[in-house]
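The following exercises concern the analysis of a single protein chain. Each task is followed by a solution that proceeds step by step.

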Amino acid sequence: MEEKAGYEELKKTIDYHMNRYYNEDAPEISDYEYDQLMLELKAMEREHPEWVTADSPTQKIGGSAKREAGVEVTHHVPMLSIQDVFSKEEIVDWVEKVRQVYPDALFSVEEKIDGLSMSLRYQDGRLVLAETRGNGLVGEDVTQNALVIPDVVKSLDIPGYVELRGEVYMSLEDFDRFNEEQENAGKKPAANPRNLAAGTLRQLDSAVVRQRGLKMFVFNVQDAYDNGVSDLMGSHTDALDLLSAKGVAVVPHTRCATVEEILDAIDAIGEGRGTFGHDIDGAVVKIDQIAYRADFPAGSKYSAGHIAYKYPPEEKEVVIDQIEVNVGRTGKMTFRAIFEEPVRLCGTNVQKATLHNIDFIQSLGVSEGCRAICRKQGEIIPAIVRVTQKTDYPYEAPDVCPVCGAPLVREEDTCDIYCVNPSCPAQLKRTLAYFVGKDAMDIKNFGSRYIESLVEEGYLHTVADIYSLRQYREELIEKGILGKEKNTDRILSAIEKSKENEAASLLTGFAIRNVGRISARSIMRHYRSLWELADASAEELTALPDVGEITARSIRSFFAEEKNRELLCRLEEMGVNILSGESPDTAGPKPLAGLTVVVTGTLEHFGRKEIAAFIEENGGKCTGSVSIKTGLLVAGEYAGSQLDKAQSLGIPVITEEELVRKCQS
């Protein structure tokens, strides 16, 4: 009884501090102290689940109940997609077909906001449900999160039943603020506003939704009845105007009567998209008279009476201030254009773009001081697509390494230029950093700045020297190269522990050209040790799955060099594992054998690389995007569009815990 009384007292204490933080904006304790109280409460509830009630602080946030994950909702009106077209001619053809049936048809032209769909159901003016699109027929209940989005009207001055569909999005300002906070905290920034908005809307903690800031434009009345308002299901634009007058944030829209007006409205949106406070991915044209729409279906997956025009990829002119040359870990030269001023492309600020190779640079006429057009390929990778104003000084490839000054060599029949100096500091530092990184030996806390200091101080000349550092412990502590005593011992212990890693990790760490983490694991399934691989012929290697002639030549060239065989011998003598630990003849079937697996969302126990390694160890193939070939989707918290796509394709979806159980059974 005394313990239960302590539990109730702790709940009251946390409730008090929640109110001070969320409602009064006047917290009395630090976030850390608050988190410790919550951890104590959660521990008590794990031990006594019968004590947990709906009013527990673990079940609510800021006075609102936490959203329960995965509660499915069957849509009252299917939330279908809109058919895309990519030319003005297709718009004109579609409008003319509509006019042939309904000469008096009017149209609405609207921004196609780049976010995710959500429907709001109101009954007698009260918001009763908010739901995501899901697969178009079944979505997810996100009502608790919708309630903290300022644009979502909680009460609507319209009686009866009203269902509105809109787009939830994140403004560019809020997106930039979030990424700045992430970078300041040493965390990974979000890729784009759309993905961040999708992950935020699926948060279980509505306080996070409130803090990050989401917005919403309503773009359609899905259904309305028993309300005596004829305009809601009569004219689409009249309905939006009525909703706007009632305080609803509606999508910017223009009613058009002619093809010329429609095309002008589309052009106006396209010309203004660089000035919007949010991203768009097209313009939508809708038949204004809602009753006419059903006569113009576009298939079972598309909304009738709608069409979406997709603009050509956004492009911006830039001035290339500098062509930066770097040395990769294999010695290959990489080229990058640095702009005089950043430009905004697809929702992010861009000031640099990859220049693929010297042939690409010279064929386009790229040079320092030229003006060029930058575009995000696939709306992700900044690329220079053409030069608009050349200079009088064509760019010439460097003759010597920009780091060590050694002569550069162009690989035969390729456009790749290499520094072949094995002692090149840039190569050495990058090779060592790659060796200790997560993809290879995964030596914890051994960052690049330590690598640089150890190289500059003369402690590291090859990767094997990493395993000799323990003998210099006192020197390292005295010089502070790895920090103080505690941090130095922590890193030295991590180095020692890495000796037990699988042989595939060591093979990856050798940074052999064309042999990455995935291919190394695949290769080592066929060899009992790295010595066995080192003695393999090119013909034997090319017979392996996913090993081509170039990869086979790279492996043979690496182990043909005496210094590399000496390196392997030295590592073995130091106790680094070179055995695969598995005979290829006796290896049993893997639980994920033959399955292509996609992971989406935030996982509790695995990082992205760790889960990929786990999947591969259990026989699966981990890829980055859902397709018809995907056999399984692992969905973590804040899963985004990949989850929607998997559900629409009928792909099995499991949690992180279910994946682990599947592989351990």
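**Exercise 1. Backbone and surroundings of helix α12**

Just after α12, G458 adopts a positive phi of about 85°. The model is a predicted one, in which local features need pLDDT of at least 70 and side-chain atom pairs count only at pLDDT 80 or more, while totals for chains, interfaces and linings use all residues. Residues are numbered from 1 along each chain as its sequence is written, and side-chain values use heavy atoms, with hydrogens and water left out. Helices (H or I, at least four residues) and strands (E, at least two) are DSSP runs, numbered from the N terminus.

Task: Determine which residues of α12 are buried and which are exposed.

Solution.
- Step 1. Apply the accessibility classes: buried is under 20% relative accessible area, exposed is over 50%, and partly exposed lies in between (1.4 Å probe, protein chains only).
- Step 2. Y450, I451, L454 and V455 of α12 are buried. Because these residues cover an arc of only 130° around the axis, they lie on the same side of α12; the arc is that of the directions from the helix axis to the C-beta atoms.
- Step 3. Recall the general rule: an α-helix has 3.6 residues a turn, so residues three or four places apart point the same way.
- Step 4. R449 and E456 are exposed on the other side of α12.
- Step 5. The cover over the buried residues of α12 includes α11, α13 (473–479) and α14 (485–497).

**Exercise 2. The pair α11 and α12**

Task: Describe how the axes of α11 and α12 cross, and state which residues meet.

Solution.
- Step 1. Two packed helices are described by the angle between their axes and the distance between the axes. Axes are lines fitted to C-alpha atoms, for helices over the stretch in contact, and angles run from 0 to 180 degrees between N-to-C directions.
- Step 2. For α11 (residues 425–436) and α12 (residues 448–456), the axes come within 9 Å and cross at roughly 135°. This makes α11 oblique to α12, given that angles under 35 degrees count as roughly parallel, over 145 as roughly antiparallel, 65 to 115 as roughly perpendicular and the rest as oblique.
- Step 3. The crossing of α11 and α12 is right-handed. A crossing is right-handed if the near helix is turned clockwise from the far one by less than a right angle, and left-handed if anticlockwise.
- Step 4. On the α11 side, L428, K429, L432, A433 and V436 meet S448, I451, E452, V455 and E456 of α12; contact means heavy atoms within 4.5 Å.
- Step 5. Sorted by class, this contact of α11 with α12 has six nonpolar, one polar and three charged residues. Here Ala, Val, Leu, Ile, Met, Phe, Trp, Tyr, Cys and Pro count as nonpolar, Asp, Glu, Lys and Arg as charged, and the others, Gly among them, as polar.

**Exercise 3. The loop between α11 and α12**

Task: State what phi D442 and N445 have.

Solution.
- Step 1. Most residues other than glycine have a negative phi.
- Step 2. D442, in the loop between α11 and α12, is not a glycine, yet its phi is positive at about 50°. With 27% relative accessibility, D442 is partly exposed.
- Step 3. N445 is also placed in the loop between α11 and α12. Its phi is positive, about 65°, although N445 is not a glycine, and at 42% relative accessibility N445 counts as partly exposed.

**Exercise 4. The pair α3 and α9**

Task: Describe the crossing of α3 and α9 and the residues that make the contact.

Solution.
- Step 1. The axes of α3 (residues 88–101) and α9 (residues 259–272) come within 11 Å and cross at roughly 145°.
- Step 2. α3 passes α9 in a right-handed crossing.
- Step 3. K88, I91, V92 and V95 of α3 make the contact with V259, I262, L263, I266 and D267 of α9.
- Step 4. The classes in the contact of α3 with α9 are seven nonpolar, no polar and two charged residues.

**Exercise 5. Selected residues**

Task: State where S498 and E616 are found and what they touch.

Solution.
- Step 1. S498 is in the loop between α14 and α15 (503–509), and S498 is buried with a relative accessible area of 4%.
- Step 2. Leaving aside neighbours within four places in sequence, S498 is in contact with M441, I443 and Y467.
- Step 3. E616 belongs to α21 (residues 608–617) and counts as buried at 5% relative accessibility.
- Step 4. Not counting residues up to four places away in sequence, E616 touches R517, I518, R521, R525 and C622.
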